[in-house]
Amino acid sequence: MLGIGELMILMVPLLGIWIWMVADCALHEPPQDRTMWLLITILTGVIGALIYLIYRRPQRRAQFGR
């Protein structure tokens, strides 16, 4: 079983990725896609942030350059 220290080692980076992806989505997504991706990222937590990071962010950067 994981202790509190091990959980913190896992949770802090995941929380950081989640915050980074929510901010990235809010600042850089085109308006027509922003609401959908923000809802996905916020409501599904870290899983949604990882989906955004792996799937949408590279696609958006290739398409819009940011």
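The bend at a residue is the angle between axes fitted to the seven residues ending there and the seven starting there. Helices (H or I, at least four residues) and strands (E, at least two) are DSSP runs, numbered from the N terminus. The model is predicted: local features need pLDDT of at least 70, side-chain atom pairs count only at pLDDT 80 or more, and totals for chains, interfaces and linings use all residues. Residues are numbered from 1 along each chain as its sequence is written, and side-chain values use heavy atoms, with hydrogens and water left out.

**Exercise 1. Describe the chain as a whole: how many helices and strands does it have, and what does its C-alpha trace span along the principal axes?**

Step 1. The chain has two helices and zero strands.

Step 2. Along the principal axes, the C-alpha trace spans about 45 × 20 × 15 Å.

Step 3. Take the surface next, with accessible areas from the Shrake-Rupley method with a 1.4 Å probe, where for residues only the protein chains shown count as cover. The accessible surface of the chain is about 4600 Å², and 75% of that belongs to carbon and sulfur atoms.

Step 4. Buried means under 20% relative accessible area, exposed over 50%, and partly exposed in between (1.4 Å probe, protein chains only). Of the 66 residues in the chain, 24% are buried.

Step 5. Contact means heavy atoms within 4.5 Å. Among the contacts in the chain with a separation of 6 or more, 48% are between residues 24 or more positions apart.

**Exercise 2. Compare the end-to-end distance of each helix with its expected span: which value does α1 give, and which does α2 give?**

Step 1. The expected span of a helix is 1.5 Å times one less than its number of residues.

Step 2. For α1, 25 residues should span 36 Å, and the end C-alpha atoms are 35 Å apart, which agrees.

Step 3. Helix α2 (residues 31-64) has 34 residues, and a straight helix would reach 50 Å; its end C-alpha atoms are only 13 Å apart.

Step 4. Look for a bend in α2: there is one of about 145° at Gly45.

Step 5. After α2 comes Gly65, which has a positive phi, near 75°.

**Exercise 3. List the buried residues of each helix and state what covers them: which residues are they in α1 and in α2?**

Step 1. In α1 the buried residues are Met21, Val22, Asp24 and Cys25. Their cover includes α2.

Step 2. In α2 the buried residues are Trp37, Leu38, Thr41, Gly45, Gly48, Ala49, Tyr52, Arg56, Arg57 and Arg60. Their cover includes α1 (4-28).

Step 3. Gly45, where α2 bends by about 145°, is one of the buried residues of α2.

**Exercise 4. Place Thr41 and Arg34 in their surroundings: is Thr41 buried or exposed, and which residues does Arg34 touch?**

Step 1. Thr41 is found in helix α2. With a relative accessible area of 0%, Thr41 is buried.

Step 2. Leaving aside neighbours within four places in sequence, Thr41 is in contact with Trp18, Met21, Val22, Gly48, Ala49 and Tyr52.

Step 3. Arg34 also lies in helix α2. Its relative accessible area is 26%, so Arg34 is partly exposed.

Step 4. Not counting residues up to four places away in sequence, Arg34 touches Cys25, Ala26 and Glu29.

**Exercise 5. Assign Ile9, Leu27 and Leu2 to their elements: why does Leu27 count as exposed, and where is Leu2 found?**

Step 1. Leu27 is found in helix α1. Leu27 counts as exposed because its relative accessibility is 60%. The C-alpha atoms of Leu27 and Thr41 are 14 residues apart along the chain and separated by 14 Å.

Step 2. Ile9 lies in helix α1 and is exposed, with a relative accessible area of 62%. Between the C-alpha atoms of Ile9 and Leu43, 34 residues apart along the chain, the separation is 23 Å.

Step 3. Leu2 is found in the segment before α1. Apart from neighbours within four places in sequence, Leu2 is in contact with Leu7 and Leu10. Leu2 and Trp20 are 18 residues apart in sequence and 26 Å apart in space, C-alpha to C-alpha.
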